[in-house]
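Work through the exercises below with the sequence and the coordinates open beside you. Each task is followed by a solution that goes step by step.

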Amino acid sequence: MNIFRLAADMLHLLSFIVLLYRIRTQRSCRGVSLKTQVLFLVVFCCRYLDLFFSFISLYNTLMKIFFIGATATTVYWMLTKYKSSYDLENDKMHGDGSFLGYGAPHGVLGFVILPCFLLALVFNEGFEAFEVLWAFSIYLEAVAIVPQLFMLQRTKEGEAFTLLYIFCVGSYRGLYLVNWIYRYFTEPHYWQLLVWLSGFVQTLLYADFFYYYYVALKEGSKFQLPGKKPRQETALLGWFGLLKPGSVGAGVTAHVAGCMWGVG
């Protein structure tokens with residue numbers, strides 16, 4: 001294990017601790033997207049099925065168990081103990097009011113889960129149940145943060161620990177990109193195109209957030225997103241039909257599309 005992967009894992013671990021600490025100490029889950037947490041729980045459950053038939057190391061096993069347990073705890077708290085503080089109104093997607101016990105999650109199913117599962121059926125490393133579910137988890141993780149970014153875009157601002165949580169998750173994925181580059185040049189025959197592309201998309205979605213988070217830290221000001229600005233729609237702007245002009249992640253996506261298509 002190289003230093004980049006270890007640092008990424010520690011940031012990922014920190015993100016769970018920060019979120020659980022925030023919800024527990026403030027006795028509130030306001031500003032936290034239940035959809036994103038459920039999607040991450042699905043990601044970990046599908047990816048770490050190998051816990052039942054494969055052992056890599058104690059470190060690997062403990063991290064997998066912690067990721068599943070911490071995310072399950074967050075979802076449980078949001079559905080039970082701190083349910084009254086859940087910001088249902090700002091956790092909507094295309095008219096979908098909520099998730100699990102709050103209404104039909106048409107937005108999540110139709111625009112996130114289903115496309116990822118269909119991709120996994122077509123592009124995978126082996127047409128077996130575990131390999132398909134593993135590929136599905138890779139694609140789903142790339143876009144699982146979208147509901148959380150949507151919520152942040154709607155409120156225009158965020159609580160300090162919630163912002164730190166998002167920063168840790170985004171930085172973890174960014175460091176994994178560096179890890180993959182390092183491994184490509186140091187390990188013979190290392191090639192994981194499916195993982196690389198999904199990881200790049202996931203990091204891209206955090207671009208606007210990182211920019212405004214950095215500005216807020218640099219200026220010592222409160223984190224705040226700008227209001228919606230007119231922006232020409234492009235082919236790439238409708239990632240799974242979710243990114244709207246002015247949304248977090250849409251700015252950088254629009255810029256890339258503008259370079260490709262000469263618009264924006």
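## Helix packing exercises

H2 passes H5 in a left-handed crossing, and this pair is the subject of the opening exercise. The coordinates belong to a predicted model, and every value below is computed from it.

**Exercise 1.** Determine how the axes of H2 and H5 are oriented relative to each other, and list the residues through which the two helices meet.

*Solution.* Begin with the general point that two packed helices are described by the angle between their axes and the distance between the axes. For H2 (residues 34-47) and H5 (residues 129-143), the axes come within 8 Å and cross at roughly 150°. Angles over 145 degrees count as roughly antiparallel, and H2 and H5 are therefore roughly antiparallel to each other. Next, collect the contacts: on the H2 side they involve Leu39, Phe40, Val42, Val43, Cys46 and Arg47, and on the H5 side Phe130, Leu133, Trp134, Phe136, Ser137, Ile138, Leu140 and Glu141. Sorted by class, the contact of H2 with H5 consists of 11 nonpolar, 1 polar and 2 charged residues.

**Exercise 2.** Compare the end-to-end span of H2 and of H5 with the expected value, and then state how many residues of each helix are buried.

*Solution.* Take H2 as the starting point: at 1.5 Å a residue its 14 residues should span 20 Å, and because its end C-alpha atoms are 20 Å apart, the two values agree. H5, which has 15 residues, reaches 22 Å from its first C-alpha to its last, close to the 21 Å expected at 1.5 Å a residue. Turning to burial, the cut-off is a relative accessible area under 20%. H2 is mostly covered, with 12 of its 14 residues buried, and among them are the charged residues Lys35 and Arg47. H5 is likewise mostly covered, with 12 of its 15 residues buried, including Glu131, Trp134, Phe136, Tyr139 and Glu141.

**Exercise 3.** Characterise the crossing of H2 with H6 by distance, angle and hand, and name the residues in contact.

*Solution.* The axes of H2 and H6 (residues 146-155) come within 7 Å and cross at roughly 165°. This angle makes H2 roughly antiparallel to H6, and the crossing of the two helices is left-handed. From H2 the contact draws on Lys35, Thr36 and Leu39, and from H6 on Val146, Pro147 and Gln148. By class, the contact of H2 with H6 has 3 nonpolar, 2 polar and 1 charged residues. Leu39 also appears in the list of H2 residues that meet H5.

**Exercise 4.** Decide whether H7 and H9 are parallel, antiparallel or oblique, and describe the composition of their contact.

*Solution.* H7 (residues 160-186) and H9 (residues 207-219) have axes that come within 11 Å and cross at roughly 125°. That angle makes H7 oblique to H9, and H7 passes H9 in a left-handed crossing. The H7 side of the contact is made by Leu163, Leu164, Ile166, Phe167, Gly170 and Ser171, whereas the H9 side is made by Phe209, Phe210 and Tyr213. The residues of this contact divide into 7 nonpolar, 2 polar and no charged.

**Exercise 5.** Establish whether Ser15 and Gln202 are buried or exposed, and find their contacts beyond four places in sequence.

*Solution.* Ser15 is found in H1 (residues 3-26), and because its relative accessibility is 1%, Ser15 counts as buried. Its contacts, apart from neighbours within four places in sequence, are Tyr165, Cys168 and Val169. Ser15 and Phe161 are 146 residues apart in sequence, yet their C-alpha atoms are 9.5 Å apart in space. Gln202 belongs to H8 (residues 193-205) and is buried, with a relative accessible area of 1%. With the same neighbours left aside, Gln202 is in contact with Glu141, Ala142 and Arg173.

**Exercise 6.** Where do Arg27 and His189 lie, and what sign does phi take in each?

*Solution.* Arg27 has its place in the loop between H1 and H2, and its phi is near 50°, a positive value in a residue other than glycine. His189 lies in the loop between H7 and H8, with phi near 65°, again a positive value in a residue other than glycine. For the surroundings, apply the cut-off of over 50% for exposed residues: Arg27 counts as exposed at 55% relative accessibility, and His189 counts as exposed at 83%.

Note on methods:
Residues are numbered from 1 along each chain as its sequence is written. This is a predicted model: local features need pLDDT of at least 70, side-chain atom pairs count only at pLDDT 80 or more; totals for chains, interfaces and linings use all residues. Side-chain values use heavy atoms; hydrogens and water are left out. Axes are lines fitted to C-alpha atoms, for helices over the stretch in contact, and angles run from 0 to 180 degrees between N-to-C directions. Helices (H or I, at least four residues) and strands (E, at least two) are DSSP runs, numbered from the N terminus. Angles under 35 degrees count as roughly parallel, over 145 as roughly antiparallel, 65 to 115 as roughly perpendicular and the rest as oblique. A crossing is left-handed if the near helix is turned anticlockwise from the far one by less than a right angle, and right-handed if clockwise. Contact means heavy atoms within 4.5 Å. Buried means under 20% relative accessible area, exposed over 50%, partly exposed in between (1.4 Å probe, protein chains only). The expected span of a helix is 1.5 Å times one less than its number of residues.
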